[in-house]
Structure formats: C-alpha cells, structure tokens
Amino acid sequence: MTGRMIDAMNTPVPVVLAGARGHGRWHVENIRRLQKKGLVRLVGICELTPLTEDELGDLGTPEQSADFGALLDSTGARIAVICTPIPTHTDLALTAAERGVHLLLEKPPAPSYAEFRRMADGVAAAGVVCQIGFQSLGSHALPAIRELVDQGAIGQLVGLGGAGAWVRDEDYFRRAPWAGKRRMNGVDVIDGALTNPLAHAVATALALGGSTRAEDVTDIETELLRANDIESDDTSCVRITTAQGHPVTIAATLCAERADEPYVLVHGSSGRITFWYKQDRVLLQRAGHGPEEFEHGRTDLLENLVDHLTTGADLLVPPDGTGAFMKVVEAIRTAPDPAPLPDGAWHRIPGENRRVVPGIDGLVAAAADTLSLYSELGAPWALNAEHLSKEVSTR
C-alpha cells in the first residue's frame with residue numbers, strides 16, 4: 001500500500017483531467033457524477049482548447065491550461081485522470097507521479113511494452129497509485145464467473161474466446177491525427193482494433209483466465225488485416241498461449257455487417273459461460289441444466305481509486321494486472337504491418353461512408369467459439385496467412 005494515502009476526511013479529492021474531449025467527455029460526465037456524490041472535485045482540465053461554460057455546466061470553474069505539470073502544481077491535485085493520445089500516456093503519467101499525484105490512466109496504457117515498463121516502474125518508484133482504465137474489469141461479473149469456474153459449473157476450463165464485431169465509418173479513422181496509425185513521426189501509436197477500441201475483449205478474456213501478468217503469456221499468434229485505407233488493423237485476431245495452459249483467442253473487426261455487443265466466451269469441458277462485458281450480462285450453459293442468465297453491477301474505476309486511497313480497498317486494475325495485455329500489444333506492434341484486404345473482400349455501404357467485410361460477423365463469432373484464427377476457419381483473404389501472421393514467443 002502506498003505511503004501517500006488520502007485521509008477520508010479530506011474528500012472530495014481534488015482531480016485534474018487531461019483530455020476532456022473525444023472519449024474524455026465520458027470522464028467529464030463521470031467526474032460530474034462523483035462530484036455530486038461528494039467524492040471528488042474537478043480542480044483542473046488540461047486541454048489545448050479550454051472547455052466552454054456550456055461544456056462544464058455545473059462543474060464549476062476548474063483551472064484550465066495546456067501545461068499539465070503546471071496545472072498539477074497550481075491546483076494541488078491528488079488524482080490525475082489521463083485520457084490523451086496513446087503515445088503521450090507514459091510521459092504524462094510520470095509527470096504526475098513525480099509530483100506525488102495518483103493516476104487513472106486510460107487504456108491502452110502505452111503503445112509498447114518498453115513504454116509500459118517505463119511508466120509502471122516510474123510510478124512504483126514514485127510511490128503513487130495507478131489504476132489502468134479497463135472499465136470492464138470493474139464488473140462484478142468477473143468474480144462471479146471465476147467462482148462458477150472454480151466450483152466446476154462448466155467442468156474443466158478449456159480456453160477462452162472473445163468476439164467484437166463493431167461498425168465504424170471512415171470518419172472514425174480521421175477523428176484525430178493519430179487515429180488508425182501504427183506510428184506517427186517515428187513514435188509508436190498502435191491504434192488497432194484489438195489494442196484500442198476492442199482492447200477490453202482482450203483484457204477481459206485474459207483476466208477471466210487468470211492470465212493478467214506479463215509472465216502469464218508464453219506465445220502469441222497474430223493475423224492483422226485492414227479494409228480501410230489506414231496503417232493499423234481494423235479486422236484482426238490473436239491467439240495467446242498462456243502459462244496456465246488455457247488458449248485465449250480474440251477476434252475483432254470494425255467492418256461488421258451489423259454492430260453487435262462484444263463478448264467473452266469461457267469454454268469448459270461440460271459447458272460454457274458468455275459474458276457481454278459492456279452490459280455486465282452473463283449466460284451460463286451447462287450439461288444437464290437449462291440456460292441461466294445473470295446481470296451484475298459494476299464498480300467505477302475512479303471511484304475505486306478514491307476508495308483505495310481513502311480506505312485501503314483493493315485496487316482493481318494496477319499496472320502489473322495489465323502486463324499480459326501489454327504483451328499482446330507488443331506482439332501486434334512487432335508483427336508485419338496489417339495486410340490490405342483485396343478489393344473483392346470488402347465493399348462500401350451506400351450512404352453510410354463505411355467499409356464492410358462480408359461474412360466477417362460469422363467469422364468473428366466462429367473464432368471465439370472454436371478458438372481458431374481466421375486462416376484456420378477458411379477465410380479466403382486469410383488463407384495466405386504467411387505474410388500477415390507472426391508467432392511471438394514471450395519467454
């Protein structure tokens with residue numbers, strides 16, 4: 001436990017938010033919710049263009065500046081929420097850590113394993129607490145699923161699959177200068193389907209299999225492709241071999257025919273569990289029983305960080321608990337650049353400005369169901385997988 005706990009009597013805890021637009025708007029609303037509960041107080045916003053009065057609403061008049069370090073100094077913040085471009089995460093996290101400011105750092109925590117270690121080691125050396133923003137790992141479904149598995153509800157654990165079939169138009173890849181990039185100005189970005197928009201599928205599957213630390217991953221196979229005119233992958237799959245012996249296969253696309261809720265499948269020898277992680281919804285299917293469905297609550301990660309600092313509650317997503325995920329990011333970073341799908345493998349939807357890969361919805365589901373890669377499922381554009389697959393040993 002850090003030596004820099006916050007006295008519970010000193011709540012609301014002063015918070016600075018770095019990155020308040022784009023996905024950062026979600027954090028603005030969450031901070032607004034927690035401020036109304038008396039847990040936090042927004043004292044600063046770090047943005048290149050200050051938020052307007054309309055954007056702030058009832059959040060008061062927090063100090064605004066484009067200089068993150070100066071803002072932390074002038075506001076006396078005890079927590080910083082960082083929701084900025086991926087390549088900036090490590091330096092901003094260390095800027096806060098050097099000042100004794102605790103962190104909620106958005107996922108992915110870094111664009112490479114080396115940058116992740118620089119961040120995690122620096123934070124640890126500074127004695128501050130860092131929570132990584134995988135919100136799905138705050139779901140109460142995770143301990144409930146682990147308990148079902150431990151009780152033998154689905155027999156022996158065989159493996160885990162993840163499926164994410166999402167729809168994104170071409171403007172999505174122009175939402176920011178770094179969007180859809182693997183590198184920018186010589187710096188890693190790695191903004192791919194599995195490392196950013198559907199990163200929760202990877203992290204959640206690893207967590208349910210008990211493979212969260214870097215040393216839990218032994219080998220990784222990747223198949224990275226793209227239908228859009230971008231650098232990064234928009235249609236990809238990865239198979240992770242774990243030290244626990246449970247393979248984890250995640251398939252994702254941003255070029256689905258129809259948007260679907262992403263999910264993780266826990267495969268057992270006599271049943272399986274489906275977890276729709278954005279909905280905190282669980283379906284248990286097992287031999288000799290009818291299907292059972294459960295809905296669970298969720299602990300907000302900023303609220304958990306405050307609770308950890310004021311009462312000593314367990315932190316839900318410390319950096320080392322995302323080491324396995326970062327090994328996957330590293331495998332994707334070092335894999336061959338995503339292969340462009342041939343023209344006949346995708347088409348545009350009239351009036352929607354988006355590209356669709358016909359049949360990909362079924363392939364994503366089949367990969368999670370059978371723990372297979374696209375090439376093993378016979379996808380014609382993935383059969384010549386030699387130029388797009390890479391197996392990485394992490395030992």
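**Close-up views of the predicted model**

**Figure 1. Two buried cysteines without a disulfide partner.** Cys46 is buried in this predicted model, its relative accessible area being 13%. Cys83 is likewise classed as buried, at a relative accessible area of 12%. Searching the whole structure gives zero disulfides. Cys46 takes part in none, and the nearest cysteine sulfur to its own, that of Cys83, is 12 Å away. For Cys83, in turn, the closest cysteine sulfur is the one in Cys46; as a disulfide requires sulfur atoms within 2.5 Å, the distance of 12 Å is too far for a bond.

**Figure 2. The largest pocket and its lining.** This pocket holds about 1,400 Å³ of space. It is lined by 41 residues, of which Gly22, His23, Gly24, Cys83 and Glu106 are the closest to its centre. Two elements, helix H1 (24–36) and helix H4 (89–98), give two or more residues each to the lining.

**Figure 3. A cis peptide bond ahead of Pro108.** The bond that joins Lys107 to Pro108 is cis, with an omega near -15°. Pro108 belongs to the loop that runs between strand E5 (102–106) and helix H5 (113–126).

**Figure 4. The largest nonpolar core.** This core comprises 104 residues, and those touching the most other members are Phe68, Met119, Ile145, Ile240, Val266, Ile273 and Phe325. Helix H7 (residues 199–208) makes the greatest contribution, with eight residues. Beyond the residues up to four places away in sequence, Met119 touches Thr90, Ala93, Leu94, Leu105, Pro109, Cys130 and Ile132. Another core, of 24 residues, lies apart from the largest one and includes Ala163, Leu283, Leu363 and Ala382. In soluble globular proteins, nonpolar side chains tend to be buried together.

**Figure 5. The buried face of helix H6.** Helix H6 spans residues 141–150, and its residues Ala141, Leu142, Ile145, Leu148 and Val149 are buried. Viewed down the axis of H6, the buried residues fall within an arc of 125°, so they line one face of the helix. An α-helix has 3.6 residues a turn, so residues three or four places apart point the same way. The packing partners of the buried H6 residues are strand E7 (157–165), H7, strand E13 (263–268), strand E14 (271–276) and strand E15 (281–286). Ile145 of this helix also appears among the residues of the largest nonpolar core that touch the most other members. Just after H6, Gly152 adopts a positive phi of about 80°.

**Figure 6. Gln135 in the loop leading to H6.** Gln135 is located in the loop between strand E6 (130–133) and H6. Its relative accessibility is 12%, and Gln135 therefore counts as buried, the cut-off being under 20%. With residues up to four places away in sequence set aside, Gln135 touches Trp26, His200, Arg298, Asp300 and Leu301.

**Figure 7. The largest cavity.** Two cavities of 30 Å³ or more are found in a search of the whole structure, and the largest has a volume of about 50 Å³. Its lining consists of Phe134, Leu137, Ala203, Leu206, Ala207, Ser211, Thr212, Gly321, Thr322, Ala324 and Phe325. H7 and helix H9 (323–334) each supply at least two of these lining residues, and H7 provides the largest share, three residues. Phe325, part of this lining, is also one of the residues in the largest nonpolar core with the most contacts to other members.

**Figure 8. Surroundings of Glu330.** Glu330 lies in helix H9. Setting aside neighbours within four places in sequence, Glu330 is in contact with Ser112 and Tyr113. Thr394 is 64 residues from Glu330 in sequence, while their C-alpha atoms are 9.7 Å apart in space.

**Figure 9. Two asparagines with positive phi.** Asn185, a residue other than glycine, has a positive phi near 55°. Asn185 sits in the loop between strand E8 (183–184) and strand E9 (187–188), and is exposed, with a relative accessible area of 75%. Asn353 also has a positive phi, of about 55°, without being a glycine. The loop that contains Asn353 lies between strand E18 (347–349) and strand E19 (354–356). At 33% relative accessibility, Asn353 is counted as partly exposed.

Key: Residues are numbered from 1 along each chain as its sequence is written. This is a predicted model: local features need pLDDT of at least 70, side-chain atom pairs count only at pLDDT 80 or more; totals for chains, interfaces and linings use all residues. Side-chain values use heavy atoms; hydrogens and water are left out. A nonpolar core is a set of buried Ala, Val, Leu, Ile, Met, Phe, Trp, Tyr and Cys residues joined through side-chain atoms within 4.5 Å. Buried means under 20% relative accessible area, exposed over 50%, partly exposed in between (1.4 Å probe, protein chains only). Helices (H or I, at least four residues) and strands (E, at least two) are DSSP runs, numbered from the N terminus. Contact means heavy atoms within 4.5 Å. The arc is that of the directions from the helix axis to the C-beta atoms. On a 1 Å grid over the protein atoms alone, a cavity is a set of points where a 1.4 Å probe fits but cannot get out, and a pocket is an open set with protein on both sides within 12 Å along at least five of seven lines; lining residues have an atom within 4 Å of a point. Grid points are joined across faces, edges and corners, and a volume is the space filled by probe spheres set on the points.
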